[in-house]
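Thanks for sharing this one. Here are a few notes to read with the model open beside you.

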Amino acid sequence: MIRAFFLSIGQLGDPAIRRVLVRSLALTFALFAVAGLALWWGVRAALTGWLGAQAGGWSAALTLVVEILALWIAFRAVAVGVVGIFADDIVAAVEARHYPQGLASARPVSLARGMAMGLGSGLRVVAINLILLPLYIVLLVTGVGTAVAFLLVNAWLLSRDLGDMVAARHLDGPAMRRWRKATGPRRFLLGLAAAALFVVPGLNLLAPVLGASMATHFFHRRPRA
């Protein structure tokens, strides 16, 4: 995984990957701007409706805290969902440089399927993390339990999302399911590495692209079912 990370870092200057990085960041920030405004006005309206005149000036501060926490949690879902739309370009660029035989046998993923995979990824992240929210709250008393649980859960989710971005080019449905089952424990390490990138300032902006690139190396360097 360390080798895959440095190979991925070294290919960030590739024109195809650079284009995906720029487009995915632009779309992610645009979605966050819209979501941020909607969340701001929604939370302010809810507080005012709930507390009325008692809300006072502190409602703006509370709204800001809620918005920062919500957008921080949502960043992973939105960023990976967005990059999933363009992931085929990343995978193809990595295969062109490192795995030409894989590129020759690949079946390009259509934009429609890429969008469906990206949307599915985002919805899974939101749904599962909302289901586990009570656990996260309970683990707050441990000091680090919430952060560890959040990291492990999202590593598991990323291990599927990133793996599928590559496998979709090479495997049909049944073969992909067998591949997921055969590579589950090792693929979790891929997800864990990508999840760790999301908590490093600066690298978190590159994490979706680096994750897709690392997943390509993982797919072609591991035995398939």
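**Notes on the predicted model**

1. Let's start on the outside. Val126, Leu130, Leu133, Ile137 and Leu140 make up a nonpolar surface patch, and together they have about 470 Å² of accessible area. Helices α5 (111–131) and α6 (133–138) are the elements that each give two or more residues to this patch. Please keep in mind that this is a predicted model.

2. One member of the patch is worth a click. Leucine 130 sits in helix α5, and this residue counts as exposed because its relative accessibility is 55%, with the cut-off for exposed being over 50%.

3. Now the overall picture. The protein has 9 helices and 0 strands, so you will read α-α-α-α-α-α-α-α-α along the sequence. Of its 225 residues, 44% count as buried. The protein exposes about 11,600 Å², and carbon and sulfur atoms supply 74% of that area.

4. Which contacts join distant parts of the sequence? Taking contacts between residues at least 6 apart in sequence, 78% join residues that are at least 24 apart.

5. On to the charged pairs: the structure holds 7 salt bridges. One of them brings together the side chains of aspartate 89 and arginine 23, at 3.3 Å from N to O. Aspartate 89 belongs to helix α3 (residues 58–98) and arginine 23 to helix α2 (residues 15–51), so this pair ties together parts 66 residues apart in sequence. Aspartate 89 is partly exposed, at 35% relative accessible area, and arginine 23 also counts as partly exposed, at 38%.

6. Have a look at arginine 169 as well. This residue forms a salt bridge with aspartate 88, with 2.8 Å between the closest N and O atoms. Arginine 169 is in the loop between α7 (145–167) and α8 (173–197), while aspartate 88 is in helix α3, so the pair links distant parts of the chain, 81 residues apart. Both arginine 169 and aspartate 88 are buried. Asp88 and Arg169 also belong, with Glu95, to a network of salt bridges.

7. Last, a pair within a single helix. The side chains of aspartate 164 and arginine 160 meet in a salt bridge at 3.5 Å, N to O. These two residues are separated by about one helical turn, because they are 4 residues apart in helix α7. Is each partner buried or partly exposed? Aspartate 164 counts as buried, at 7% relative accessibility, whereas arginine 160 counts as partly exposed, at 33%.

Terms used
Residues numbered from 1 in each chain as written. Predicted model: local features only at pLDDT ≥ 70, side-chain atom pairs only at ≥ 80, totals over all residues. Heavy atoms only, no water. Patch = residues over 30% accessible without salt bridge, like charges linked within 9 Å, V, L, I, M, F, W, Y side chains within 5 Å. Areas by Shrake-Rupley, 256 points an atom, 1.4 Å probe, with all protein chains shown as cover. Salt bridge = Lys/Arg side-chain N within 4 Å of Asp/Glu carboxyl O. Buried < 20%, exposed > 50% of the residue type's maximum accessible area, 1.4 Å probe, protein only. Contact = heavy atoms within 4.5 Å.
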